[in-house]
Amino acid sequence: MKDIDPRDLSADDWDELNNPRPDACDFDAVVDEAISRRGFLGGVLAFGSGAAVMGAGTLLSSTSAEAQAASRFAFTPIPIFTDATVHVPEGYSWAPVVRWGDPLTSSAGAFDPETGHDAETAQHVFGENTDGMWLYSIDGHEVIAVNSEYANLKTNLPQSEGVPQSADDVLMLQRIQGVTVMEVAPKDGGGYEVVVDSPFNRRIDHNTPMRFAGPAAGHALLQTEADPEGIAPMGTMNNCGSGPTPWGTYLTCEENFNGYFGSTDPEAELPEDYARYGIGHEGWGYEYHKFDARFDVSKNPAEPRRQGWVTEIDPSDPTSTPVKRTALGRIKHENAAVTLAPDGRVVVYMGDDERGEYLYKYRSNGVYSPGGDTDHLLDDGELFVAKFHPDGTGEWLALTPETTGMDAAEILIFTRMAASAVGGTTMDRPEWVQVNPIAAEGYASLTNNKNRGVKPNAGGDDTSVNGPNPREVNNYGQIVRWFPANDDHAMDAFRWDLYVMAGNPVVGEGAYKGSSNVTEGNMFNSPDGMMFDSSGLLWIQTDGDDSNEGEFEGQGNNQMLAGDPATGQIERFLTGPNGSEVTGLCWSTDRKTMFVGIQHPGGSFPDGEGLPRSTVIAVWRDDGGLVG
Ligand code: FEO
Ligand code: CA
Ligand code: CA
Ligand code: CA
């Protein structure tokens with residue numbers, strides 16, 4: 001482990017290296033069997049399956065023939081690219097809106113293209129590694145809340161090759177992650193820009209005071225010396241995906257929080273619950289624990305339990321205290337897809353992004369009424385884990401003291417263990433989850449899982465191939481969708497199918513060619529970000545291997561595609577610069593501009609010289625038409 005630099009590995013790979021899993025795993029199923037059972041290849045894939053026909057609902061099924069005849073896409077698909085810039089279809093334009101280090105206030109110091117900025121300036125600039133975001137229309141102002149997921153250590157600390165040397169280095173890193181809230185406005189000539197010094201502008205980082213709410217708030221497992229009541233955590237971290245609520249707040253989701261913690265005592269005995277969440281002695285290279293005792297688990301063993309939550313932020317009030325909603329559980333949260341059941345109960349779907357972890361649902365006990373009190377809706381409810389049966393049916397299994405043998409607070413603090421206890425379905429790294437706004441359907445991108453059929457997850461759960469995760473050593477990923485019973489997301493029962501199984505129809509074999517809606521012209525790997533537009537098109541963003549070689553030949557840089565749920569058609573809309581992940585998507589109030597996140601670009605994107613800078617770009621139609 002020592003001779004491998006975490007700065008050169010993905011978070012997931014480093015996690016696995018630090019916390020190796022046992023190698024044994026039963027193969028009780030083979031991929032060919034799984035594939036033919038679901039009728040994927042050579043057929044109409046998902047769209048001809050019983051699950052799809054029954055589940056798609058009346059809304060879309062009656063129009064699918066027309067939809068097939070006339071594509072709903074308002075663009076000419078683009079080919080792959082392997083260069084260092086962004087490409088969009090003919091008739092569309094793009095431009096940067098904001099880059100890591102750009103000022104939110106006029107008091108911010110300058111950004112040096114060779115060295116970045118210092119800790120003082122970090123408080124006043126747009127954060128690093130842009131990810132999930134949403135735009136809010138507040139009293140005529142357009143305000144974007146956007147996650148800054150993690151730090152690119154070698155880029156952010158170029159003078160020490162990415163190794164923090166001081167408390168000041170650590171403070172700088174802590175300040176460029178978390179969440180940025182910023183007002184944006186249209187710019188002359190197209191695109192958008194940040195409104196510098198807007199009263200909405202705000203940085204929320206690894207040190208921002210927060211509060212816990214919900215059943216686990218105040219629990220002994222969350223108490224620290226600095227916060228003996230266990231109700232006032234500090235900071236939100238590794239903010240990956242996100243989701244808007246119907247009441248105008250922003251849910252930011254804490255994913256690989258474990259990587260920030262380490263121990264100054266290499267022999268310190270670690271609490272039993274650490275292993276499942278990948279918390280170890282060394283951390284992932286941030287070195288916080290060496291300069292900030294809060295992150296030293298030999299001194300503050302409860303601190304890592306204060307991360308891994310869904311945190312609610314009110315973008316309309318820059319003085320508001322963010323709230324960690326413990327009722328939504330503690331996992332490596334990707335994002336949160338909030339929808340309403342017909343009776344007004346709030347349903348939140350959430351994925352836990354790690355190989356062989358689970359998909360979750362929260363259901364409120366209370367109902368949402370516009371203008372009414374919403375503070376209790378994410379504190380009082382039930383948590384479930386998804387169980388997918390091979391016959392195309394499924395159910396949400398309740399995580400309760402009776403079903404798990406754990407007490408109510410422990411279920412929320414150690415949610416992974418609760419899911420294992422009831423036997424949820426191990427998934428191929430659940431990334432973003434979304435709900436179709438015009439049909440009763442949920443979608444989850446299962447980005448890839450090289451361990452599928454190879455070894456168990458961190459809890460020892462079997463990860464042999466199963467219905468929605470049908471390929472061993474799955475390097476391409478797939479998108480599963482489910483259709484709740486009675487078109488009601490509050491129901492426990494659902495049917496499911498696979499919307500797309502990514503693959504390579506040119507060099508892949510068998511199931512690794514992908515499903516029938518994957519072609520030489522639209523292929524991709526590792527679906528991750530997803531967002532529905534108001535017309536019900538599903539936008540798919542990728543975070544995969546962009547080598548364009550071997551099994552990924554012909555797939556080029558990471559990209560954004562649009563998918564039609566009714567027909568299965570998927571077309572490529574945008575490609576990112578090499579080295580980047582395309583992640584995060586939202587729209588202007590008039591839906592004439594889409595905002596797209598370009599995370600950790602290679603080269604010197606977008607400036608062409610100096611340090612690469614994660615960037616939110618605006619994309620618009622040259623004829624001023626709608627883009628979503
Ligand atoms: Fe932060 Fe799972 O992506
Ligand atoms: Ca992601
Ligand atoms: Ca990813
Ligand atoms: Ca990334």
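Donors are the N, O and S atoms that lie within 2.8 Å of a metal, or within 3.2 Å when the metal is Na, K or Ca.

**View 1. The donor residues of the calcium ion (ligand 2) in this predicted model.** The protein donors of this ion are E334 (OE), E431 (OE) and two OD entries from D528, and they lie 2.3 to 2.7 Å from it. Along the sequence, these donor residues follow the spacing E-x96-E-x96-D. Distant parts of the chain are linked here, since E334 belongs to strand β12 (residues 333-340) and D528 to strand β21 (residues 527-532), 194 residues apart.

**View 2. Two calcium ions and the residue E431.** The calcium ion (ligand 2) and the calcium ion (ligand 3) are 3.9 Å apart, and E431 coordinates both of them.

**View 3. Burial of E334 and D528.** Buried means under 20% relative accessible area, so E334, with a relative accessibility of 1%, counts as buried, and D528, at 2%, counts as buried too.

**View 4. Strand β9 (residues 250-254) and its surroundings.** Five of the five residues of β9 are buried, so the strand is largely enclosed by the rest of the structure. Both of its faces are covered, with Y250, T252 and E254 buried on one side and L251 and C253 buried on the other.

**View 5. The strands that pair with β9.** Strand β8 (residues 239-244) pairs with β9 in the antiparallel sense over four bridges, and G243 stands opposite L251. These two strands form a hairpin with five residues between them, and G248 in the turn has a positive phi of about 85°. Strand β10 (residues 310-313) also runs antiparallel to β9 and is joined to it by four bridges, with V310 standing opposite C253.

Definitions and conventions:
Residues numbered from 1 in each chain as written. Chains lettered and ligands numbered in written order. Predicted model: local features only at pLDDT ≥ 70, side-chain atom pairs only at ≥ 80, totals over all residues. Heavy atoms only, no water. Buried < 20%, exposed > 50% of the residue type's maximum accessible area, 1.4 Å probe, protein only. Pairing = 2+ DSSP bridges.
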